[in-house]
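Welcome, and thanks for taking a look at this one. Here are a few numbered points to read alongside the view below.

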Amino acid sequence: MKDSFLSSQGRIGPGVFSIRVLLMLVAVAYIFYAGIDYFSHDEKHEFLMPLAYFFGIVALIIALFCILMQLIKRLNDIGRRPFWSILLLVPVLNVLLLLYAAVAPAKTQVK
């Protein structure tokens, strides 16, 4: 099966996980700041500024879903239950969980 951003099946290593999470976060930041820049450059477009926030929030929701799928794959790789991905919703623990997932060694596969 081909590896996908939207699938929680399979396993991924720490390098691939880190790159994918950073890619999603950079994409959200780019969409948010591009929207702010576009709607604030002219006084005629200033009343449309809430659209920049809307596009940023939509991009963030999509990115969080993709990061969740990557985290489940990574948790499978390090031998932890996917249930731990619920910590992604807790404000401080989410950063610690992502850092742990990025540096934890992979569990060897038992045959």
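**Notes on helix H2 and the largest pocket**

1. Let's begin with the length of H2, in what is a predicted model. H2 has 29 residues, and at 1.5 Å a residue it should span 42 Å. The C-alpha atoms at its ends are 42 Å apart, so the expected span and the model agree.

2. Next, look just past this helix. Glycine 79 follows H2, and its phi is positive, near 85°.

3. Now pick out methionine 69, which lies in helix H2 (residues 49-77). Is methionine 69 buried or exposed? Its relative accessibility is 10%, and because buried means under 20%, methionine 69 counts as buried. Leaving aside residues up to four places away in sequence, methionine 69 touches Phe5, Leu6, Ser7 and Ser8.

4. You can also link the two residues you have just met. Methionine 69 and glycine 79 are 10 residues apart along the chain, and 16 Å separates their C-alpha atoms.

5. Finally, turn to the largest pocket, with a volume of about 160 Å³. Which elements give two or more residues to its lining? They are helix H1 (14-40) and helix H3 (91-103). H1 provides the largest share, 5 residues.

6. If you would like to find that pocket by residue, its lining is made up of Phe17, Ser18, Val21, Leu22, Leu25, Val95, Leu98, Leu99 and Ala102. By type, the lining of the largest pocket holds 8 nonpolar residues, 1 polar and no charged.

Technical notes: Residues numbered from 1 in each chain as written. Predicted model: local features only at pLDDT ≥ 70, side-chain atom pairs only at ≥ 80, totals over all residues. Heavy atoms only, no water. Helix = DSSP H or I, 4+ residues; strand = E, 2+ residues; numbered from the N terminus. Buried < 20%, exposed > 50% of the residue type's maximum accessible area, 1.4 Å probe, protein only. Contact = heavy atoms within 4.5 Å. 1 Å grid on protein atoms, 1.4 Å probe; cavity = no way out; pocket = protein on both sides within 12 Å on 5 of 7 lines; lining within 4 Å. Points joined across faces, edges and corners; volume = space filled by probe spheres on them. Nonpolar A, V, L, I, M, F, W, Y, C, P; charged D, E, K, R; others polar. Expected span 1.5 Å × (residues − 1).
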